[in-house]
Amino acid sequence: AYDHETGDKLIRAVAAGLQSVVAGDGLIARLGGDEFAVLVTGEAAARRGEQIARRVLAFVKEPFDIDGRIASIGASIGIAELGSEPLDPSELMRRADIAMYDAKDNGRNRWRRFDATLDLKRIEDLTIANELRAFIARGEFDVAYQPMVDSRDRAIVGVEALARWPKSSPRELPPDRFIPVAEEHGLIDSLSALILGIACRDMVQWHD
């Protein structure tokens, strides 16, 4: 909304704030862009990690004044814990990343601890995304039409074209399941173009 210099100053301000919030309770690293990681070790690390997450969320809720420009930001935080099972650092980071995306998908400005169900959902999302690509490529999506009615004389003045999971699929998925996946995986534009094309084709066949 402003410029790169303001953005850089904002990132530095957030980094400085994180150092203050975390203090000596953890090791902070900037992963790149606007992503940071905090490593918490030692006694009661899980509990302390949650406390840090709450403090970080409270910190970023306050507006930042960057050279007179007010920036309001938020954060989505994922927490992964090294338990009794052996994990390499990349797997620990992957789990934290998955938990972070779940926090982002469920309203942002919150934290989420990783659990196995998130892995299952991620795999399911990838499966849905692959099916979406195939259906879009073949033009197989279904469209349902919902009438728009003038309440004064009950005349149909238009219709809303609604994307529906193809009947050719062996399973059924509601729009509130596959639309977020299409958005997350960059397929929503292709899906929208397909639905628009099907609606135009159907409209040509309607004589009234």
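**Close-up views of the aromatic cluster and the largest pocket**

**View 1. Phe135, Phe141, Trp165 and Phe178 form one aromatic cluster.** The model shown is predicted. Seven aromatic pairs are present in the structure. The next two views show pairs that involve members of this cluster, Phe141 with Trp165 and Trp165 with Phe178.

**View 2. Phe141 and Trp165 make an edge-to-face pair.** The ring centres are 5.9 Å apart and the planes stand at 85°, which is over the 60 degrees required for edge-to-face. Phe141 sits in the loop between α4 (116-138) and β7 (142-149), and Trp165 in the loop between β8 (156-164) and α5 (175-184), so the contact ties together parts 24 residues apart in sequence. Phe141 is buried, with a relative accessible area of 3%. Trp165 also counts as buried, at 7% relative accessibility.

**View 3. Trp165 and Phe178 make a tilted pair.** Their ring centres lie 5.5 Å apart with the planes at 40°, so the pair is classed as tilted. Because Trp165 is in the loop between β8 and α5 while Phe178 is in helix α5, the pair links parts that are 13 residues apart in sequence. Trp165 and Phe178 are both buried.

**View 4. The largest pocket has a volume of about 1,500 Å³.** It is lined by 44 residues, of which Phe36, Ala37, Val38, Ile77 and Gly78 are the closest to its centre. Elements that each supply at least two lining residues are α1 (4-22), β1 (27-32), β2 (35-39), α2 (45-61), β5 (76-79) and α3 (89-105). The lining of the largest pocket comprises 30 nonpolar, seven polar and seven charged residues.

Conventions. Residues are numbered from 1 along each chain as its sequence is written. This is a predicted model: local features need pLDDT of at least 70, side-chain atom pairs count only at pLDDT 80 or more; totals for chains, interfaces and linings use all residues. Side-chain values use heavy atoms; hydrogens and water are left out. Rings of Phe, Tyr and Trp (its six-membered ring) pair if their centres lie within 6.5 Å; planes under 30 degrees apart count as stacked, over 60 as edge-to-face and the rest as tilted. Helices (H or I, at least four residues) and strands (E, at least two) are DSSP runs, numbered from the N terminus. Buried means under 20% relative accessible area, exposed over 50%, partly exposed in between (1.4 Å probe, protein chains only). On a 1 Å grid over the protein atoms alone, a cavity is a set of points where a 1.4 Å probe fits but cannot get out, and a pocket is an open set with protein on both sides within 12 Å along at least five of seven lines; lining residues have an atom within 4 Å of a point. Grid points are joined across faces, edges and corners, and a volume is the space filled by probe spheres set on the points. Ala, Val, Leu, Ile, Met, Phe, Trp, Tyr, Cys and Pro count as nonpolar, Asp, Glu, Lys and Arg as charged, and the others, Gly among them, as polar.
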